[in-house]
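Please look over the sequence and the structure shown here before reading the report. The text goes through selected local features one at a time.

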Amino acid sequence: MMKVLVNLSRILLCCLLWIAAAGGQNCGDTLRGPNGTIDSPGFPYGYPNYANCTWTIVTEERNRIQLAFQSFALEEDFDVLSVYDGQLRQENLRTRLTGFQLPSP
């Protein structure tokens, strides 16, 4: 399960890809505006097996996006949250998160 508060008062384009495995339920959305919230499917309960969720966060050029996690629990090394700046390409990957430790903003 995961809950992320997003402050879009500063950032460009960022894609969040949270993968629980290949196939399964697709989910996600596009966030626009000064702030928003991203919840994993089924939050605050466990997410479904094989979920593949993509959220795209869009703001004006030269702005920054701040991700502030309120909770974070992903099966370590199997479920992953990948954060990209731009298109979903390896060169745009900024971080990959997994496990139960709450990431810092």
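What follows is a report on a predicted model, arranged by topic.

## Strand β7 and its pairing

Strand β7 covers residues 80-84, and five of its five residues are buried, so the strand is largely enclosed by the rest of the structure. In a regular strand the side chains alternate between the two faces of the sheet. Both faces of β7 are covered, with V80, S82 and Y84 buried on one side and L81 and V83 buried on the other.

The partner considered here is β8, which spans residues 93-97. The two strands β7 and β8 pair in the antiparallel sense, and four bridges connect them. Within this pairing, S82 stands opposite R96, a residue of β8.

## The loop between β7 and β8

The loop that leads from β7 to β8 contains N92. This residue has a relative accessibility of 13%, and because the cut-off for buried is under 20%, N92 counts as buried. When residues up to four places away in sequence are left out, N92 touches V83, Y84, D85, G86 and Q87; V83 and Y84 in this list are also among the buried residues of β7.

Which residue forms a salt bridge with E91? The partner is R89, and the closest N and O atoms of the two residues are 3.8 Å apart, which falls within the 4 Å that the rule allows. Side chains of opposite charge can pair when their charged atoms come close. By this rule the count comes to one salt bridge. As for accessibility, E91 is exposed, with a relative accessible area of 53%, whereas R89, at 44%, counts as partly exposed.

## The disulfide

A search of the whole structure finds one disulfide, and this link joins C27 to C53 with an S to S distance of 1.8 Å. The pair connects distant parts of the chain, since C27 belongs to strand β3 (residues 26-32) and C53 to strand β5 (residues 52-58), 26 residues apart. A disulfide is a covalent bond between the sulfur atoms of two cysteines.

The angle about the S-S bond is 70 degrees, and the link of C27 and C53 is right-handed. Are the two cysteines buried or exposed, or does either fall in between? C53 is buried, at 0% relative accessibility, while C27 is partly exposed, with a relative accessible area of 23%.

## Backbone features in two further loops

A cis peptide bond joins F43 and P44, with omega at about 15 degrees. P44 is placed in the loop between β4 (residues 35-39) and β5, and β5 is also the strand that holds C53 of the disulfide.

In the loop between β6 (residues 66-72) and β7 lies D77, which has a positive phi of about 65 degrees although it is not a glycine. D77 counts as exposed, because its relative accessibility is 67% and the cut-off for exposed is over 50%.

E76 is found in the loop between β6 and β7 as well. Leaving out residues up to four places away in sequence, E76 touches T98 and G99. The C-alpha atoms of E76 and F100 are separated by 7.5 Å, although these residues are 24 residues apart along the chain.

How values were computed: Residues are numbered from 1 along each chain as its sequence is written. This is a predicted model: local features need pLDDT of at least 70, side-chain atom pairs count only at pLDDT 80 or more; totals for chains, interfaces and linings use all residues. Side-chain values use heavy atoms; hydrogens and water are left out. Buried means under 20% relative accessible area, exposed over 50%, partly exposed in between (1.4 Å probe, protein chains only). Contact means heavy atoms within 4.5 Å. A salt bridge is a side-chain nitrogen of Lys or Arg within 4 Å of a carboxyl oxygen of Asp or Glu. Two strands pair if DSSP finds at least two bridges between them. A disulfide is a pair of cysteine sulfur atoms within 2.5 Å.
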